Each structure stands twice: as C-alpha cells, then as structure tokens.
Amino acid sequence: MSRQGWTPEIGPGLTLAEVVDEAFDYRGNTTIVRRDGAEVVGYVFNRNAAVPDPYLQYFDEAGEGPFTLRYAEIATIKFTGRDTAAGNSWKAWVERRERERAEAARAGRLISGPDSSGRDPDPDGR
Amino acid sequence: MSVPVSQMFTVATYVLGQRFRGRTRYPLVLMLEPLFRCNLACAGCGKIQYPAQILKKHLTVERCLEAVEECGAPMVSIPGGEPLMYPDIDRLVAELVARKKYVYLCTNAILLEEKLDLFRPSKYLSFSVHMDGLREDHDEAVCRDGVYDQAIAAIRAAVARGFRVTTNSTIFDGASPLRMRQFFDEMMGLGVEGMMISPGYSYSKAPDQEHFLRRAKTAQLFREMLTEPKRAWRFNQSPLFLRFLMGKHDFECTPWGNPTFNIFGWQRPCYLLQDGYAATFKELMETTAWDNYGRKSGNERCQDCMVHCGFEATAVHHTFSSLRGLAETASVTFTGRL
C-alpha cells in the first residue's frame, strides 16, 4: 500500500527513525519538516541510524544535493510527492493488457462478425 | 561457453591474484549505473521509479572513472536506465576500453543502431542486448510492441560491423522452456557471441514480487530449458552458474561480487537490494554487514534469489577454489554438456 499523502505524527507509537525508514523506501518526493519549522521538499535516498548521530540524505526538488540532515533536526516527514511505484506493477500491466485485448476482440467481432440479419459478411472465411 | 580466451585469462589471473593476496571479498564486475532514465517503462522495474529530478540526473564520466579505479574489478557492466541515453556514453566506453576493462553495455537496443557510429569494435566492448524471449514474450516483458524487432535489427547491424554482441535474458515465472529453447536458436542464428540468462530479479521495491521465481521452481525451469543443450548454443557466463540454476550446485550468494555504483553512491548490499549507500567503495566493503545477507543469513529477501549478480561471482570463485572446480568448469566448457 502506498504511503502517498501520509502525514505521520511522531509520538509514542511511531518513532522518527521509523518514519525516516518509510521515507527511504518511498519512491516519491517527501516534505521534510525541520524542528525550526522550515520545510524542504526532496527525495530521501539514504539514511544511517546505526551511527551515534543518525542522519538522512536527500536530493532537493531541483535535483541539487546530496544534502545531509541529522535526525535531531527533523520534526517529521510528510509523504507529499507522487509515489512513482504505485500502480506500475507487472500484474497491473498484464491485467490492463488482457482487458485491452478482450475489448479489441469484442470490437473485432462487432465489426466482422455476423450482421444483424444473421448473414455472415464473409461467408468464404477470408 | 563463449567467453573469449583473453577475457577468461584476465578474469582467471585477477581471481588468482586476489586469492594469492588472501582476499576473501573482492569485486568481479562493477555495476556502473550512470543514470536511471530509460526509454522503456517495463512493469516492475524498480530502476526507473523515481521522481523526475532524480531521473534527470546522471554521473559525470570523471565520477564514473573514479568509481572504476576505486573498485578495481576487471569487468564493468553498464546497466541503468538505458545507457545509450547517457550523453557521454561514447567517452565513458572509450575511457574504460583504454583502461582494458571488459565492458558490457547493457541496452534495450532501441537506440543502438543509430548510435553505433559512436563506438569502435573492441575485444573489450560487448553490447549486451536485453532480450527476454521470442517476439511476443519480449514485447510483453518490456510492455511495448515492436521492441523485439528493433532489437533484432540492431543486433544484426552491430554484428555486421564487427562488434561483440551478447544477449541478456531475464527468465520470468511462467516462461516456456520450449519457447526459450527456440529463442536460444534464434539468438545464435543472429550471430551473437553468446547469451546470458538469469531468473527474474527480486527488487525489494518492485511491486510484483509474486511473479519472481522461487528457487525450486527456478531449478526445474532451467533444467527443462538447458538439458541436452544444442551445440550451437553459447552462453557468455560461468558454466557453473548455469549448473547452479539447474539445481546441480548449492551456492551461497556473493553480494560484494557485483558492487553497484550510481548517483546515490555505492549501493548496499548488492545490485538488487537497496539498504542504503556508502560514500566510497572502501566504506561499502568495510562497513556493510555482509553476514546479514545471503540464504544462510536467514534474510527473507535473499531466500529465493538466484540472480546472476549474486551467484555468478560465487561460481567463478568456486572454479578457482579447487582442482575439482577447475576440472568441472573445463569439462563443461569443452564438452558443452551442462
């Protein structure tokens, strides 16, 4: 399920580290809200929570970067950008293609099949 | 098998040199991704699912060459994205060839014919054309009709001009062994040097996990596909890897064998999984928790993976680990019997 549109509230049930992990997995831009209230839009491509001063890295909306931001400076992260992975699965494509083929086949029958009089428009099967 | 003798010699001396130095973890093929942008949008391909500003970015040639030097692997595979959309691909390839790196330029071949003039045939350069099966199967895999025919025309043109051309096929769940055998016939009939095959990739972020082959099913499929191989078939990969795919070996993954470098840095731990990035190759090798990956680790994401970027290096390592491994490889190479 896509996180697109998610505005998590950090609290007892949800840590900032968990939200950063979700942002790292997210294939769209996010809005990083800093503790000083400033916001920055960008793509979070890396994070390291295994160091004494955990940090994330991102490219901003213009593609500039990479920029590094310490967890300590972050209030939360909003999942504001389009999830580029959503709806692009192999399964969705196969289903779409099968649907289109079925529709094309139905349309073909309507055009070349027996007409309303019951006569075959192509009795020789050409 | 179809790997040229000079390339085999280079790889053999490199691997033996690493072993002589007592190195247990060393790279074999650098996966160099100069960009993620592509002119196809294959369903489930995690490489192109990024916001626009990321897809517009690419590495500089200089940064690519730094990565190549840092890594030191004798072979460089350039996937992507579509590398022929990289604006400096000709300069990058020329620099790599000048450094005597064996380059596999992995392309869907849509732009290959019109860009052939940018390159000069060399034993160090091979166009590795993405072909996932016969016409209908391939066009379905890449989600666009007509790509197979474009690729065939490009392969013919490249072969005619003296380039090394190989094919690179990802075999998905539900593939027909019989059709794949027909596909092998067709590719060899085009005059390609050899073929590379691998089970479906299993990107953690790819949304179609259910379509990727599970190990046992994979072995069965590849056994049916490769049993009694025709003499005309040539595979541009380790014969022991093919035997592994057929269930005749039980290898463990070598995630550091094919390190991946792209605009984000050095990808941890491998080409398929994205658990983070290191700033340098040294940092990647020294700070990645390698024990957390591979089947023995219990990592759920590694359990069904049999992809070449994890196991080809294992197969090569196995070849040079014992006389038995060497004899087995030599036997398959000379007899063609898998």
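**Exercise 1.** How many Å should the twelve residues of helix H12 of chain B span, and how far apart are its end C-alpha atoms?

*Solution.* This is a predicted model, so let's work straight from its coordinates. Helix H12 of chain B runs over residues 308-319. Take 1.5 Å times one less than the number of residues, and the expected span comes out at 16 Å. The end C-alpha atoms sit 15 Å apart, which agrees.

**Exercise 2.** Work out whether H12(B) is enclosed or open, and find what covers it.

*Solution.* Start with the cut-off: a residue is buried if 20 or more other C-beta atoms lie within 10 Å of its own. Twelve of the twelve residues of H12(B) are buried, so the helix is largely enclosed by the rest of the structure. Among them are B:His308, B:Phe311, B:Glu312 and B:Thr319. Next, look at the cover: in chain B, it includes helices H1 (5-20), H10 (239-245) and H13 (323-335), plus strands E1 (29-32) and E6 (194-199).

**Exercise 3.** Place A:Leu69 and describe its surroundings.

*Solution.* First, locate A:Leu69: it belongs to strand E4 (residues 67-70) of chain A. Then count: 18 C-beta neighbours fall inside 10 Å, so A:Leu69 is partly exposed. Leaving out residues up to four places away in sequence, A:Leu69 touches A:Ile32, A:Tyr55, A:Leu56 and A:Ile74. Finally, A:Tyr58 is eleven residues away along the chain, with 8.2 Å between its C-alpha atom and that of A:Leu69.

**Exercise 4.** Decide where chain A calls for caution.

*Solution.* Chain A averages a pLDDT of 85, and 83% of its residues score at least 70. Over residues 113-126 of chain A, though, the pLDDT is below 50. Where pLDDT is low, don't read the predicted coordinates in detail.

Methods
Residues numbered from 1 in each chain as written. Chains lettered and ligands numbered in written order. Predicted model: local features only at pLDDT ≥ 70, side-chain atom pairs only at ≥ 80, totals over all residues. pLDDT = per-residue confidence, 0-100. Contact = placed C-beta atoms within 7 Å. Helix = DSSP H or I, 4+ residues; strand = E, 2+ residues; numbered from the N terminus.
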